[in-house]
Amino acid sequence: MKIGILGGGQLARMLALAGRPMGLDFLFLEPTDNASAGCLGQHLQGAYDDSDMLHQMAKQADVVTFEFENVPAASVECLAADAPTYPSAYALTVAQNRLKEKNLFRELGISTPQFVAVDSLDELESAISVTGLPAVLKTRAEGYDGKGQVVLRKTSDAADAWRYLQGAEAILEAFVPYDRELSIIAVRGREGEMAFYPVSENTHREGILHLSMSRLDDPMQKRAEKYIRQIAETLDFVGVITLELFQVGDELLANEIAPRVHNSGHWTIEGAETSQFENHLRAILGWPLGSTALLGFSAMVNFIGSLPEPTEVLAISGANFHSYAKEARPGRKIGHATIRASNEESLQAKLQQLLTLI
């Protein structure tokens with residue numbers, strides 16, 4: 001059985017690492033010549049919209065998926081014409097556009113920060129009266145890890161903010177004074193069956209995820225599950241899907257969805273009975289979904305820009321070291337560590353040891 005993946009980065013790498021023990025083979029369509037996942041399967045080097053490469057992938061693969069949402073939806077449609085492809089191009093188009101996402105949440109009755117579509121400086125200045133200040137101006141497409149967005153703190157910031165986005169279609173969102181950033185990861189199979197991981201509590205630095213901690217029996221779990229079930233069923237989603245959330249008091253606000261395995265779920269590799277990566281493969285193949293039960297108290301820390309010494313990380317009891325085989329550079333995710341412990345107190349102690357290394 002061969003899985004085709006659009007993209008050859010670390011998420012594709014971890015999907016392949018999860019699939020190889022199950023006897024699965026992989027091929028990756030990736031433009032760069034030094035793909036993180038390249039050593040784990042066949043590397044088709046070419047653009048994501050290269051029709052010859054897409055047809056080659058569809059011909060060779062039994063099932064096709066993608067590792068991140070900035071691949072062309074047209075390419076997913078092209079692949080789907082010749083091979084089973086999950087998630088669908090429709091789900092991808094919604095996830096690629098912040099305005100479509102927010103409108104979907106609104107239609108489903110899911111709470112969100114106040115937002116307004118913005119297509120000009122005049123519209124931006126008018127939108128401020130709706131969202132209030134501070135507010136965040138974001139491109140509707142292709143933003144991730146804090147890219148493509150800018151915070152407005154006073155009305156006079158509008159002109160500079162609009163120039164920063166260079167006229168891109170945008171959305172203005174009210175700035176949320178959240179108590180916690182959360183995410184929930186779910187997996188949905190071909191027949192509509194679903195499983196949910198415990199919510200993750202997340203900490204970002206400069207717009208990039210720094211730390212994720214699994215939260216067993218979190219008071220927001222049931223509501224988060226309700227939200228992500230509504231979204232997944234509406235999109236007829238197949239595979240792993242992630243919903244990022246803000247908690248403000250007793251309220252839970254939806255931020256955005258990721259139609260894929262997610263950085264905040266890397267702790268599932270060692271911290272859950274079935275990792276998000278294995279469950280994504282099970283779902284798209286039509287195989288039974290695996291248990292999402294926790295194996296202990298778990299957390300994940302990203303390595304951004306540089307890697308610590310593996311021996312120092314592995315000297316911490318319960319720690320696991322993951323390198324993505326990527327060239328180090330500032331602001332780039334090049335690896336992570338997971339930590340598992342038998343109780344919350346032990347987990348926090350081990351986390352402090354790890355954090356001193358990075």
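**Entry 1: a pocket**

I started with the second largest pocket, and its volume came out at about 220 Å³. Note to self: this is a predicted model.

Next I pulled up what lines the second largest pocket. The list runs Arg-205, His-210, Asn-302, Phe-303, Ile-304, Ser-306, Leu-307, Pro-308, Leu-355, Leu-357 and Ile-358. I sorted the lining by character and got seven nonpolar residues, three polar and one charged.

Which elements give two or more residues to that lining? I found β15 (297–304) and α12 (344–357). I also checked who gives the most, and it is β15, with three residues.

**Entry 2: a sheet**

Then I moved on to an open sheet made of four strands. I jotted down the strand order as β3-β2-β1-β4, with parallel pairing. Which strands sit at the edges? They are β3 (42–45) and β4 (63–66), and each of them pairs on one side only. I looked up the twist as well, and it averages 20° from one strand to the next.

**Entry 3: β1, β2 and a helix**

I zoomed in on β1 (residues 2–6) and β2 (residues 25–30). These two strands run parallel, and I noted five bridges joining them. I picked Leu-6 and asked for its bridge partner in β2, which turned out to be Leu-29.

Last lookup: what packs here? I have helix α1 (residues 10–19) packing on the sheet, where the helix touches β1 and β2. I took the angle too, and the direction of α1 makes about 170° with that of β2.

Definitions and conventions
Residues are numbered from 1 along each chain as its sequence is written. This is a predicted model: local features need pLDDT of at least 70, side-chain atom pairs count only at pLDDT 80 or more; totals for chains, interfaces and linings use all residues. Side-chain values use heavy atoms; hydrogens and water are left out. Two strands pair if DSSP finds at least two bridges between them. Axes are lines fitted to C-alpha atoms, for helices over the stretch in contact, and angles run from 0 to 180 degrees between N-to-C directions. Contact means heavy atoms within 4.5 Å. On a 1 Å grid over the protein atoms alone, a cavity is a set of points where a 1.4 Å probe fits but cannot get out, and a pocket is an open set with protein on both sides within 12 Å along at least five of seven lines; lining residues have an atom within 4 Å of a point. Grid points are joined across faces, edges and corners, and a volume is the space filled by probe spheres set on the points. Ala, Val, Leu, Ile, Met, Phe, Trp, Tyr, Cys and Pro count as nonpolar, Asp, Glu, Lys and Arg as charged, and the others, Gly among them, as polar.
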